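Colleague: Got a minute to go through this one with me? I'd like to start with the ligand and then look at the backbone.

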Amino acid sequence: MLTINIITLFPELIEPYLERLPFSRAIEKGALEVNLIQLKNYAIDERGTVDGRPYGGGVGMLLRIEPVWQALESVYGAFDNPEKIQADLENTIIGLTPSGKTFTQKKAQELSKKSTITLICGRYEGMDARIKQHLTTENISIGNYVLSGGEIPALAIMEAVVRLLPEAIEKEEATLLESFSQGLDQKKEYPQFTRPETYKGLAVPEVLLSGHHEKIKKWQKDQINS
Ligand code: ADE
(Lines give C-alpha, C1' and ligand atoms only; values in the text may rest on other atoms or scores of the structure.)
Protein backbone atom coordinates (compact mmCIF):
# COMPACT_ATOMS: atom_id res chain seq x y z
CA MET A 1 0.00 0.00 0.00
CA LEU A 2 1.43 3.32 -1.10
CA THR A 3 0.26 6.63 0.35
CA ILE A 4 1.05 9.77 -1.64
CA ASN A 5 0.52 13.14 0.06
CA ILE A 6 0.54 16.15 -2.21
CA ILE A 7 0.93 19.60 -0.73
CA THR A 8 -0.40 22.06 -3.28
CA LEU A 9 -2.31 25.29 -3.82
CA PHE A 10 -4.24 23.60 -6.65
CA PRO A 11 -5.61 20.22 -5.57
CA GLU A 12 -8.34 20.59 -8.19
CA LEU A 13 -5.70 20.25 -10.93
CA ILE A 14 -4.72 16.85 -9.61
CA GLU A 15 -8.11 15.46 -8.61
CA PRO A 16 -9.46 14.55 -12.09
CA TYR A 17 -6.44 12.35 -12.82
CA LEU A 18 -7.24 10.16 -9.83
CA GLU A 19 -10.41 9.04 -11.59
CA ARG A 20 -8.38 7.69 -14.52
CA LEU A 21 -5.95 4.83 -15.00
CA PRO A 22 -3.52 3.94 -13.58
CA PHE A 23 -4.65 5.78 -10.43
CA SER A 24 -8.27 4.65 -10.37
CA ARG A 25 -7.40 0.95 -10.48
CA ALA A 26 -4.68 1.25 -7.85
CA ILE A 27 -7.02 3.16 -5.51
CA GLU A 28 -9.88 0.71 -6.12
CA LYS A 29 -7.63 -2.24 -5.32
CA GLY A 30 -6.47 -0.62 -2.07
CA ALA A 31 -2.89 -0.32 -3.32
CA LEU A 32 -2.86 3.46 -3.37
CA GLU A 33 -4.14 6.32 -1.28
CA VAL A 34 -3.70 9.93 -2.38
CA ASN A 35 -4.17 12.79 0.09
CA LEU A 36 -4.42 16.25 -1.39
CA ILE A 37 -3.36 18.85 1.15
CA GLN A 38 -4.46 22.42 0.43
CA LEU A 39 -1.57 24.68 1.38
CA LYS A 40 -3.94 27.64 1.83
CA ASN A 41 -5.30 25.87 4.90
CA TYR A 42 -1.94 26.64 6.52
CA ALA A 43 -1.69 30.26 5.37
CA ILE A 44 -0.02 32.75 7.71
CA ASP A 45 -3.02 35.09 7.90
CA GLU A 46 -6.76 35.37 7.30
CA ARG A 47 -6.16 36.60 3.78
CA GLY A 48 -4.59 33.27 2.88
CA THR A 49 -1.02 34.48 2.41
CA VAL A 50 1.45 31.69 1.60
CA ASP A 51 4.06 33.69 -0.33
CA GLY A 52 6.56 36.48 0.28
CA ARG A 53 9.06 38.75 -1.44
CA PRO A 54 12.65 37.48 -1.72
CA TYR A 55 15.20 38.99 0.67
CA GLY A 56 17.91 40.80 -1.22
CA GLY A 57 15.51 41.64 -3.99
CA GLY A 58 14.50 39.79 -7.11
CA VAL A 59 11.51 39.33 -9.33
CA GLY A 60 8.37 37.58 -8.13
CA MET A 61 7.27 35.94 -4.94
CA LEU A 62 8.45 32.83 -3.12
CA LEU A 63 6.53 30.15 -1.27
CA ARG A 64 7.00 30.75 2.48
CA ILE A 65 8.31 28.13 4.87
CA GLU A 66 5.62 28.36 7.61
CA PRO A 67 2.65 27.01 5.60
CA VAL A 68 4.77 24.16 4.22
CA TRP A 69 6.08 23.28 7.69
CA GLN A 70 2.54 23.16 9.08
CA ALA A 71 1.23 21.15 6.14
CA LEU A 72 4.02 18.64 6.84
CA GLU A 73 3.03 18.57 10.52
CA SER A 74 -0.47 17.59 9.41
CA VAL A 75 1.11 14.49 7.83
CA TYR A 76 3.96 13.62 10.20
CA GLY A 77 2.78 15.11 13.49
CA ALA A 78 4.26 18.18 15.18
CA PHE A 79 8.03 18.52 15.01
CA ASP A 80 10.39 21.20 16.35
CA ASN A 81 13.54 20.03 14.68
CA PRO A 82 13.28 19.56 10.92
CA GLU A 83 16.47 17.49 10.90
CA LYS A 84 14.53 14.75 12.69
CA ILE A 85 12.09 14.63 9.80
CA GLN A 86 14.97 14.38 7.34
CA ALA A 87 16.92 11.85 9.36
CA ASP A 88 14.01 9.39 9.54
CA LEU A 89 14.83 7.02 6.70
CA GLU A 90 11.17 6.07 6.46
CA ASN A 91 10.35 9.58 5.31
CA THR A 92 10.35 10.48 1.64
CA ILE A 93 9.58 14.16 1.32
CA ILE A 94 10.16 15.47 -2.17
CA GLY A 95 10.45 19.12 -3.11
CA LEU A 96 9.52 19.73 -6.75
CA THR A 97 11.87 22.27 -8.23
CA PRO A 98 13.82 22.79 -11.46
CA SER A 99 16.98 22.88 -9.33
CA GLY A 100 16.36 19.32 -8.09
CA LYS A 101 17.86 16.05 -9.30
CA THR A 102 16.48 14.96 -12.67
CA PHE A 103 13.73 12.35 -12.42
CA THR A 104 14.41 8.96 -14.04
CA GLN A 105 12.70 5.60 -14.49
CA LYS A 106 15.15 4.22 -11.92
CA LYS A 107 13.88 6.78 -9.40
CA ALA A 108 10.28 5.81 -10.25
CA GLN A 109 11.15 2.15 -9.52
CA GLU A 110 12.70 3.16 -6.20
CA LEU A 111 9.71 5.29 -5.18
CA SER A 112 7.23 2.55 -6.13
CA LYS A 113 8.63 0.45 -3.25
CA LYS A 114 8.02 3.10 -0.57
CA SER A 115 5.03 3.16 1.78
CA THR A 116 4.60 6.95 2.02
CA ILE A 117 5.72 9.73 -0.30
CA THR A 118 5.02 13.42 0.24
CA LEU A 119 5.33 15.80 -2.70
CA ILE A 120 5.64 19.55 -2.17
CA CYS A 121 4.49 21.59 -5.17
CA GLY A 122 6.07 25.01 -5.58
CA ARG A 123 4.31 27.99 -7.16
CA TYR A 124 5.29 31.58 -7.86
CA GLU A 125 8.99 32.15 -8.66
CA GLY A 126 10.03 29.27 -6.43
CA MET A 127 10.25 28.44 -2.74
CA ASP A 128 12.17 29.75 0.25
CA ALA A 129 15.42 27.77 0.09
CA ARG A 130 14.95 26.58 3.69
CA ILE A 131 12.10 24.36 2.47
CA LYS A 132 14.41 22.58 0.04
CA GLN A 133 17.31 22.51 2.50
CA HIS A 134 15.58 21.45 5.72
CA LEU A 135 12.08 20.11 5.08
CA THR A 136 12.64 17.73 2.19
CA THR A 137 14.59 14.49 2.01
CA GLU A 138 15.25 15.09 -1.69
CA ASN A 139 14.43 17.60 -4.43
CA ILE A 140 13.40 16.46 -7.88
CA SER A 141 13.16 18.16 -11.26
CA ILE A 142 11.32 16.59 -14.19
CA GLY A 143 13.62 18.26 -16.71
CA ASN A 144 15.72 21.30 -17.48
CA TYR A 145 12.91 23.76 -18.06
CA VAL A 146 10.81 25.88 -15.73
CA LEU A 147 7.09 25.35 -15.13
CA SER A 148 4.82 27.68 -13.18
CA GLY A 149 4.25 25.16 -10.44
CA GLY A 150 4.93 21.68 -9.15
CA GLU A 151 1.53 20.19 -9.98
CA ILE A 152 2.46 18.84 -13.42
CA PRO A 153 5.78 17.48 -12.10
CA ALA A 154 3.86 15.86 -9.20
CA LEU A 155 1.46 14.23 -11.66
CA ALA A 156 4.30 13.05 -13.89
CA ILE A 157 6.17 11.49 -10.98
CA MET A 158 3.00 10.01 -9.52
CA GLU A 159 1.97 8.43 -12.81
CA ALA A 160 5.44 6.96 -13.42
CA VAL A 161 5.41 5.48 -9.90
CA VAL A 162 1.82 4.26 -9.67
CA ARG A 163 1.86 2.39 -12.97
CA LEU A 164 4.67 0.28 -11.52
CA LEU A 165 2.52 -0.92 -8.63
CA PRO A 166 1.59 -4.53 -9.42
CA GLU A 167 -2.08 -3.81 -8.69
CA ALA A 168 -2.25 -0.84 -11.07
CA ILE A 169 -1.50 -2.63 -14.29
CA GLU A 170 -3.35 -5.36 -16.08
CA LYS A 171 -0.24 -7.10 -17.38
CA GLU A 172 2.79 -6.75 -15.16
CA GLU A 173 5.08 -7.88 -17.99
CA ALA A 174 4.20 -4.66 -19.78
CA THR A 175 6.43 -2.64 -17.45
CA LEU A 176 9.30 -5.15 -17.38
CA LEU A 177 10.52 -4.55 -20.93
CA GLU A 178 9.59 -0.96 -21.61
CA SER A 179 11.81 2.02 -22.27
CA PHE A 180 14.39 2.74 -19.53
CA SER A 181 13.44 -0.41 -17.58
CA GLN A 182 16.11 -2.72 -16.16
CA GLY A 183 14.90 -5.39 -18.55
CA LEU A 184 16.05 -3.19 -21.42
CA ASP A 185 19.27 -2.08 -19.64
CA GLN A 186 17.64 1.34 -19.20
CA LYS A 187 17.59 1.85 -22.98
CA LYS A 188 14.67 2.98 -25.09
CA GLU A 189 12.38 0.26 -26.38
CA TYR A 190 12.22 -0.98 -29.99
CA PRO A 191 9.51 0.36 -32.35
CA GLN A 192 6.25 -1.58 -32.40
CA PHE A 193 3.54 -1.74 -35.06
CA THR A 194 -0.10 -2.80 -35.30
CA ARG A 195 -2.68 -3.25 -38.10
CA PRO A 196 -2.94 -2.44 -40.93
CA GLU A 197 0.16 -3.96 -42.56
CA THR A 198 0.28 -1.01 -44.95
CA TYR A 199 -1.40 2.37 -44.67
CA LYS A 200 -1.08 4.95 -47.44
CA GLY A 201 2.12 3.27 -48.55
CA LEU A 202 3.60 3.07 -45.06
CA ALA A 203 4.47 -0.56 -44.44
CA VAL A 204 5.24 -2.54 -41.30
CA PRO A 205 8.79 -4.01 -41.45
CA GLU A 206 8.68 -7.31 -43.36
CA VAL A 207 10.49 -9.25 -40.63
CA LEU A 208 7.71 -8.67 -38.09
CA LEU A 209 5.22 -10.40 -40.40
CA SER A 210 7.54 -13.36 -41.01
CA GLY A 211 6.51 -15.33 -37.93
CA HIS A 212 10.23 -16.13 -37.55
CA HIS A 213 10.73 -15.74 -33.82
CA GLU A 214 14.53 -15.68 -33.81
CA LYS A 215 14.73 -13.14 -36.61
CA ILE A 216 12.14 -10.91 -34.90
CA LYS A 217 14.06 -10.99 -31.61
CA LYS A 218 17.30 -10.10 -33.41
CA TRP A 219 15.60 -7.23 -35.29
CA GLN A 220 14.18 -5.85 -32.05
CA LYS A 221 17.59 -6.06 -30.38
CA ASP A 222 19.28 -4.33 -33.33
CA GLN A 223 16.71 -1.55 -33.15
CA ILE A 224 17.48 -0.89 -29.48
CA ASN A 225 21.20 -0.71 -30.17
CA SER A 226 20.93 1.50 -33.25
N1 ADE B 1 8.63 23.37 -10.79
C2 ADE B 1 8.81 24.23 -11.82
N3 ADE B 1 9.51 23.65 -12.80
C4 ADE B 1 9.81 22.38 -12.40
C5 ADE B 1 10.51 21.30 -12.99
N6 ADE B 1 11.08 21.37 -14.18
N7 ADE B 1 10.59 20.15 -12.27
C8 ADE B 1 10.05 20.07 -11.05
N9 ADE B 1 9.37 21.06 -10.45
C10 ADE B 1 9.24 22.22 -11.12
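**Ligand site and backbone oddities**

Modeller: Sure. Keep in mind that this is a predicted model. The ligand sits in the largest pocket.

Colleague: OK, which residues are around the ligand?

Modeller: From the earlier part of the chain there are Leu96, Thr97 and Pro98. Then come Ile140, Ser141, Ile142, Gly143, Tyr145, Val146, Leu147, Gly149 and Pro153.

Colleague: And which strands supply at least two residues of that shell?

Modeller: Strand E5 (93-102) and strand E7 (138-141) each do. E5 gives the most, with 3 residues.

Colleague: How does the shell around the ligand split by class?

Modeller: There are 8 nonpolar and 4 polar residues, and no charged ones.

Colleague: Now the polar side of things. Which backbone atom lies 2.8 Å from a nitrogen atom of the ligand?

Modeller: That's a backbone N or O atom of Tyr145. Ile142 also has a backbone N or O atom 3.0 Å from a ligand nitrogen, and a polar backbone atom of Thr97 is 3.2 Å from a nitrogen of the ligand.

Colleague: How much of the ligand's accessible area does the protein cover?

Modeller: On its own the ligand has 260 Å² of accessible area, and the protein covers 96% of that.

Colleague: Switching topic: how many aromatic pairs are there?

Modeller: The count comes to 1. It's Trp69 with Phe79: their ring centres are 4.9 Å apart and the planes are at 15°, under the 30 degrees cut-off, so the pair counts as stacked.

Colleague: Where do Trp69 and Phe79 sit in the chain?

Modeller: Trp69 is in helix H3 (residues 65-76), while Phe79 is in the loop between H3 and helix H4 (82-87). They are 10 residues apart, and the pair links distant parts of the chain.

Colleague: On to the backbone. Which peptide bond has Pro22 in it, and is it cis or trans?

Modeller: The bond from Leu21 to Pro22 is cis, with omega near 0°. Pro22 is in the loop between helix H1 (11-14) and helix H2 (23-28). Arg195 and Pro196 are joined by a cis bond as well, with omega about 0°. You'll find Pro196 in the loop between helix H7 (151-162) and strand E8 (198-199).

Colleague: Why point those out?

Modeller: Because most peptide bonds are trans.

Colleague: And what about phi at Tyr124, positive or negative?

Modeller: Positive, about 60°, although Tyr124 is not a glycine. Most residues other than glycine have a negative phi. Tyr124 is in the loop between strand E6 (116-121) and helix H6 (129-135).

Key
Residues numbered from 1 in each chain as written. Predicted model: local features only at pLDDT ≥ 70, side-chain atom pairs only at ≥ 80, totals over all residues. Heavy atoms only, no water. Near = heavy atom within 4 Å. Polar contact = N/O pair within 3.5 Å; in protein donor to acceptor, adjacent residues only side chain to side chain. Areas by Shrake-Rupley, 256 points an atom, 1.4 Å probe, with all protein chains shown as cover. 1 Å grid on protein atoms, 1.4 Å probe; cavity = no way out; pocket = protein on both sides within 12 Å on 5 of 7 lines; lining within 4 Å. Sits in = over half its atoms within 2 Å of the grid points. Helix = DSSP H or I, 4+ residues; strand = E, 2+ residues; numbered from the N terminus. Nonpolar A, V, L, I, M, F, W, Y, C, P; charged D, E, K, R; others polar. Phe/Tyr/Trp six-rings, centres within 6.5 Å; stacked < 30°, edge-to-face > 60°.
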